[in-house]
Amino acid sequence: MKHMTTMKRFSCAVLSAAMMLSLAACGSSSTGESSTTSNTASESSSSTDTSSSTATTTLSAEDVIKTAAEEGKVGNWGLGNEYEVQALLAKYGEPTTFLSQAFDMDGFDDDSITLASAMTYNELGLVKNSYDGGYDYGDTVGVIDMNDEGVAMLEDNIFCTQAFAEANPNTVKAFIYASLKGWEYACANPEEAAEIVYNYGSSVSSDHQAYMADEVKKLVETDTNGDAVTDYGKMDEDAMQQTLDLAKQYITLDDSTAASKLESLTLDDIRDTSYWEAATASTDGDFGTLEKTDVSIQLKWLPQAQFMGYYVALEKGYYSDAGLNVNIVAGGGDISETTAVYNGSVDFGVTWVSNLIAADAAGMGLTEVSQIFQRSGLVLVYKLANFS
Amino acid sequence: MKRNGSSSRFRQSITTVLYPLFFGILILVLWQTQALHAMLNIDPFVLPLPSRINSIIGESLPKIMTNVWATLIVAVAGLLLGSLFGYLIAIVATVFPKWGAGGLSIVTAFNAIPIVALAPVITNWTKDVSSDANIRSMVAKIIVVLLMCTASMSLNAYRGLTELRPFSQDLLESYAAGKFTIFRKLRLPNSVPYIFTALRVSVPLSVISALVSEYFAEYVIGVGRQIRENIVLGQYPTAWAYITVACLIGIVMYAVLIVCESILLRHRK
């Protein structure tokens with residue numbers, strides 16, 4: 001313990017401050033956000049008692065939300081993923097507090113969270129399905145859809161900094177063109193797309209990847225009203241506006257400068273439709289001289305079919321046909337995609353529109369150039385047996 | 001002689017207080033003038049200026065204080081309980097020396113588990129403690145801090161209880177003093193400075209453990225959680241306001257410890 005006594009020589013202030021600083025560094029790296037699949041549902045004990053629930057009448061979404069909210073058992077991951085859930089709670093007059101949900105569905109499994117957040121293409125599949133990593137609840141769970149409830153906020157997009165777009169307009173157009181081609185192919189051939197993603201170092205099993213590809217296809221090809229979308233990657237005015245309005249309502253910022261910036265944001269501050277229009281108007285993908293040919297895109301999360309369009313575009317050579325040499329950077333690490341794009345360590349990013357809005361409120365000057373997911377993929381899932 | 005003593009103490013306080021203070025101010029000046037940013041090649045957006053951080057602390061003090069209390073309660077409760085637990089282990093190890101050493105090794109092994117691994121397990125383990133998420137989260141966080149703080153106390157206290165001055169134990173035994181008397185009159189007083197050595201390690205550790213355990217808690221509260229939320233949202237000035245507050249918690253707790261130590265150990269120097 002000799003080193004402990006030598007510590008006396010240091011000042012208390014410097015010592016503690018140094019320790020705190022090292023904490024900040026270790027803190028942000030200790031996210032522990034491993035993929036959901038690592039947890040295999042070991043117990044299937046709950047499946048026995050749920051089988052009896054089929055006879056009971058199901059409650060309305062409103063009743064389910066109110067019951068769960070009053071018990072304080074609504075879950076969400078927080079960290080900028082919570083606004084739709086808060087808007088939904090507010091819609092039914094409930095307080096907007098929620099339990100912090102881990103990145104697996106164990107809390108849902110053991111009923112400490114009775115109304116849990118889930119992405120249709122990821123956690124919902126794990127809850128319902130029986131493949132490796134699944135919890136095998138099948139049809140014994142109910143789902144509340146953010147789109148149906150009118151609180152949908154748009155999620156995965158393609159964005160870059162305004163400065164980058166202005167300096168490299170042809171590159172941006174070519175990147176959108178090739179990426180959308182990738183998405184188009186992926187949605188036409190989800191099974192093949194899932195396999196391509198799996199081969200690029202997937203974070204989840206191939207069964208789950210195939211499920212995910214099917215669900216992501218629905219988000220890309222259906223809007224918030226449930227209507228079919230034929231223009232891949234378009235930025236729907238109404239859905240974008242609803243996202244911005246809800247973001248202004250539920251993103252709370254302690255920094256008054258950022259808070260007033262958030263209040264003043266308009267659609268024109270957060271998205272630019274011109275690049276997408278030019279990209280989709282082109283028939284041959286020739287946009288003249290590209291200002292930058294080596295570009296990178298950081299995903300919002302680990303490699304999975306959620307991002308299949310980019311992997312397909314890479315695999316099928318759509319990027320190289322457009323004259324681009326693209327590096328796909330996995331997300332889910334220490335540096336969020338908004339900061340990475342702002343820093344210039346990557347050129348493009350995939351994020352949720354609400355996260356882009358928060359980043360722009362902080363002054364990052366990011367702009368969306370295409371909206372890939374046309375509807376919200378967030379749902380609240382509950383066991384029917386818990387609400388009868 | 002007395003004069004001499006106080007002047008040397010005065011000189012000592014210059015080195016332990018003024019030099020670091022001067023160093024701190026120097027860093028602040030370099031930081032505010034962005035010389036630090038130029039030196040380390042960092043963007044002022046990611047490392048905001050002290051004036052900006054300060055204004056945010058001023059603006060949202062009530063909200064910050066709510067989070068500070070949540071963190072402070074966890075850190076202090078975990079520190080005290082963990083230290084008490086560690087001391088009890090040290091006593092047990094002293095009384096039963098044969099398996100005491102083995103027990104201490106187990107404690108050290110526990111201490112080596114990263115908080116990142118420990119916190120989710122404890123959160124899971126305490127799910128039935130209370131129906132109030134705030135309370136059961138707080139219990140989970142306190143247990144994490146407790147486990148982190150146990151090792152340094154048990155190891156140091158064990159040394160304090162067993163490494164006695166040469167022949168002192170023999171002397172007491174020659175007076176026919178019983179085990180309990182030796183413990184009360186010799187071992188216990190001998191361990192006091194070692195308690196403070198342990199606390200000097202445990203105090204910063206308790207704050208760090210409290211902050212990190214907040215990431216994994218069910219109930220969303222605390223300085224650590226706010227740091228992470230704000231960094232993810234790209235709100236670096238606000239994140240740094242919470243980082244600053246976290247530093248202050250650590251410094252204040254350390255200062256309180258030093259004051260307690262100087263009062264309790266003033267006759268020993």
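## The domain interface in chain A

In this predicted model, domain 1 and domain 2 of chain A bury an area of about 2,000 Å² between them, and carbon and sulfur atoms give 62% of that area. Three residues, A:Y83, A:Y121 and A:M153, supply 35% of what domain 1 of chain A buries against domain 2 of chain A, which is more than any other three residues supply. The two domains are built from different stretches of the chain: domain 1 of chain A covers 56-153 + 378-386, while domain 2 of chain A covers 157-371. Taken over C-alpha atoms, the centres of these two domains of chain A are separated by 26 Å, and their contact draws 23 residues from domain 1 and 22 residues from domain 2.

What kinds of pairing does the rule find across the interface of domain 1 of chain A and domain 2 of chain A? There are 0 salt bridges across this interface of chain A, whereas 8 residue pairs are in polar contact between the two domains, counting pairs in which both residues have pLDDT 80 or more. On the side of domain 1 of chain A that touches domain 2, the helices α5 (83-91) and α7 (123-128) each supply at least two residues, and α5(A) gives the largest share of that side, with 4 residues. By class, the residues of this side of domain 1 of chain A divide into 12 nonpolar, 10 polar and 1 charged.

## The domain interface in chain B

Chain B is also divided into two domains, with domain 1 at 1-42 and domain 2 at 46-268. Their C-alpha centres lie 27 Å apart, and the contact takes 7 residues from domain 1 of chain B and 7 residues from domain 2 of chain B. The area buried between these domains of chain B is about 620 Å², and carbon and sulfur atoms give 72% of it. In domain 1 of chain B, the residues that lose the most area to domain 2 are B:W31, B:Q32 and B:I42, which together make up 72% of what that side buries.

The rule finds 0 salt bridges across this interface of chain B, but it does find 3 residue pairs in polar contact, with both residues at pLDDT 80 or more. Helices α1 (2-32) and α2 (35-40) of chain B each supply at least two residues of the side of domain 1 that touches domain 2, and the largest share of that side, 3 residues, comes from α1(B). The same side of domain 1 of chain B has 4 nonpolar, 3 polar and no charged residues.

## Pairs that join distant parts of chain A

Over all chains, the count comes to 16 aromatic pairs. One of them is formed by A:Y121 and A:F373, an edge-to-face pair with 5.9 Å from centre to centre and 70° between the planes. Because A:Y121 lies in the loop between β3 (116-119) and α7 of chain A, and A:F373 in the loop between β9 (366-371) and β10 (378-383), this pair ties together parts that are 252 residues apart in sequence.

Side chains of opposite charge can pair when their charged atoms come close. Over all chains there are 18 salt bridges by the rule applied here, and in one of them the side chains of A:D111 and A:K383 meet at 2.8 Å, N to O. This pair links distant parts of the chain, with A:D111 in the loop between α6 (106-109) and β3 of chain A, and A:K383 in strand β10 of chain A, 272 residues apart.

How values were computed:
Residues are numbered from 1 along each chain as its sequence is written. Chains are lettered from A and ligands numbered from 1 in the order in which they are written. Side-chain values use heavy atoms; hydrogens and water are left out. Domain bounds come from an automatic or database domain assignment. Contact means heavy atoms within 4.5 Å. Buried area is the accessible area (1.4 Å probe) that two parts lose on being put together, summed over both. A salt bridge is a side-chain nitrogen of Lys or Arg within 4 Å of a carboxyl oxygen of Asp or Glu. A polar contact is a pair of N or O atoms within 3.5 Å; within protein, one must be able to donate a hydrogen and the other to accept it, and residues adjacent in sequence count only if both atoms are side-chain atoms. Ala, Val, Leu, Ile, Met, Phe, Trp, Tyr, Cys and Pro count as nonpolar, Asp, Glu, Lys and Arg as charged, and the others, Gly among them, as polar. Rings of Phe, Tyr and Trp (its six-membered ring) pair if their centres lie within 6.5 Å; planes under 30 degrees apart count as stacked, over 60 as edge-to-face and the rest as tilted.
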